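This report goes through one protein model for a reader at the bench. Please keep the sequence and the structure in view while reading.

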Amino acid sequence: MMAMELIELNSLVRQTLEQSMPDEYWVQAELSEVRTNATGHCYLEFVQKDPRSNNLIAKARGMIWSYVFRLLKPYFEESTGRLFTSGIKVQVKVTVQFHELYGYSLTVLDIDPAYTLGDMALRRREILAQLQEEGVLTLNKELEMPVLPQRVAVVSSATAAGYGDFCHQLHHNARGFFFYIELFPALMQGNQVEQSVLSALDEVYSRLREFDVVVIIRGGGATSDLSGFDTYLLAAACAQFPLPVITGIGHERDDTVLDSVAHTRVKTPTAAAELLISRMAEAADRLFDLSEHVRQGAIALLDMEWIRLAEIRNSIPELVRRKLTEERFTLFSIRKDLSQGISGLLTYHRHRLELLGQRIADASPQKLLSRGYSITLREGKAVTDASQLKAGDCLITRLAKGSVQSIVVEGIKLVSNRSEKR
């Protein structure tokens, strides 16, 4: 067997295809990528997936020349009401081409507008409808975003450029906000995306209290690589995750099922970082506004109290004068009442003293003596019982006028006793 160069082999393949497939063919496929260049040519990527596993089973490059694309695009969009973009299933008329340098491709000549929505878009709608029926579609969206989303669990590939951009954006934010970032590695393309991301989410769930939000990000890549984010299990897990989920897994033109159930969907990893920074900035601005409000309130209150203090200070002399006048009048009234009270009290007691003096005068011994009575004293004490006397006692008998002194003798005492007995 003779060896040949690669270009010779590729030329043989091209000739074989041209000879064996010279006709035009209607092909059904899904557009996973649609882009145009400056010259107006449209470059496509056709894909076909296994309906059970959703894995890619066929892929082909395609193109539409600019003069065809200028007619085909408005015709398709006007007929279907949909943009000619990735995610739609199309039926196109193609010719098969093979270039020695660029390989196998399909050149689109026409399109059938009746064959519009592709399997990818249809599958997304079916998943979203199932989640809606189960009542979980908007659960994650209904979670309240933390005021300070500083503890961030990132589900991404450690080598993804998007992850590096995300971290750089957070760590070098202009306001100097602190963020704690922890990576939970996962595959972001290929057939293992679903299982890999689910495993990362399970690990985050086991440490739920350590984080405020979950961010799922990836770098660029072909649109067909996003198919791993269009699965029911992954969408259901994110929809019911107890922390807000932020996705930045595609570009502006791409929208996956995961994006539809996440709390917030952004275009890129950098946009995800900006979202967290803006949330922190809002909290900081609110805090500043509150502190300024408190400061202004304190200043206003102090100003008001200074004014009130000045008014009080200015009113003190008048208040003192008024108070002194009132107290002087009160003191005058009290003095007058006290004088009248004392005078009345003295008059009352003077009268009582006069009455008592009269009663004392009436009961005095001198008064009794003036009536003819006498009083006999022994040693200065009145004698009221003759039996108490003995012979030799010296007695003084007081009369109204003068006194008589006598000595007790027994005979007198006996006679006295006999006279009293009679």
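The text below takes up the domains, a pocket, a sheet and a few single residues of this predicted model.

**Domains**

The domain assignment of the protein lists domain 1 (6–112), domain 2 (135–282) and domain 3 (363–406). Between the C-alpha centres of domain 2 and domain 3 there is a distance of 133 Å.

**The largest pocket**

About 400 Å³ is the volume of the largest pocket. Its lining is made up of 17 residues, and the closest to the pocket centre are Tyr-43, Arg-61, Met-63, Tyr-102 and Ser-105. Five strands each give at least two residues to this lining: S1 (25–36), S2 (42–49), S3 (56–64), S4 (89–99) and S5 (103–111). By residue class, the lining holds six nonpolar, seven polar and four charged residues.

**A four-stranded sheet**

Which strands form the open sheet, and in what order? Four strands do so, in the order S12-S11-S13-S14, with antiparallel pairing. Strand S12 (381–382) and strand S14 (403–407) are the edge strands; each has a single partner strand, so one side of each has no neighbour in the sheet. Strands of a sheet pair through backbone hydrogen bonds, in a parallel or an antiparallel sense.

The table gives the pairs of this sheet, with one pair of opposite residues for each.

| Strand pair | Sense | Bridges | Opposite residues |
|---|---|---|---|
| S11 and S12 | antiparallel | two | Leu-377 and Ala-382 |
| S11 and S13 | antiparallel | three | Thr-376 and Thr-397 |
| S13 and S14 | antiparallel | five | Leu-395 and Ser-406 |

Strand S11 covers residues 375–378, and strand S13 covers residues 394–398. S11 and S12 make a hairpin with two residues between the strands.

**Two residues with positive phi**

Most residues other than glycine have a negative phi. Glu-379 is not a glycine, yet its phi is positive, near 55°. This residue sits in the loop between S11 and S12. Its relative accessibility is 77%, so Glu-379 counts as exposed.

Asn-54 is also not a glycine and has a positive phi, of about 65°. The loop between S2 and S3 holds Asn-54. Is Asn-54 buried or exposed? Asn-54 counts as buried because its relative accessibility is 8%, and the cut-off for buried is under 20%.

**Two helix residues**

Ser-196 belongs to helix H5, which spans residues 193–206. Its relative accessible area is 17%, so Ser-196 is buried. Which residues does Ser-196 contact, leaving aside its neighbours within four places in sequence? They are Pro-185, Ala-186 and Leu-187.

Glu-354 lies in helix H8, which spans residues 269–363. With a relative accessible area of 51%, Glu-354 is exposed, given that exposed means over 50%. Glu-354 and Gln-388 are 34 residues apart in sequence, and their C-alpha atoms are 39 Å apart in space.

**Recap**

Ser-196 in helix H5 is buried, whereas Glu-354 in helix H8 is exposed. Of the two loop residues described, Asn-54 is buried and Glu-379 is exposed.

Note on methods. Residues are numbered from 1 along each chain as its sequence is written. This is a predicted model: local features need pLDDT of at least 70, side-chain atom pairs count only at pLDDT 80 or more; totals for chains, interfaces and linings use all residues. Side-chain values use heavy atoms; hydrogens and water are left out. Domain bounds come from an automatic or database domain assignment. On a 1 Å grid over the protein atoms alone, a cavity is a set of points where a 1.4 Å probe fits but cannot get out, and a pocket is an open set with protein on both sides within 12 Å along at least five of seven lines; lining residues have an atom within 4 Å of a point. Grid points are joined across faces, edges and corners, and a volume is the space filled by probe spheres set on the points. Ala, Val, Leu, Ile, Met, Phe, Trp, Tyr, Cys and Pro count as nonpolar, Asp, Glu, Lys and Arg as charged, and the others, Gly among them, as polar. Two strands pair if DSSP finds at least two bridges between them. Buried means under 20% relative accessible area, exposed over 50%, partly exposed in between (1.4 Å probe, protein chains only). Contact means heavy atoms within 4.5 Å.
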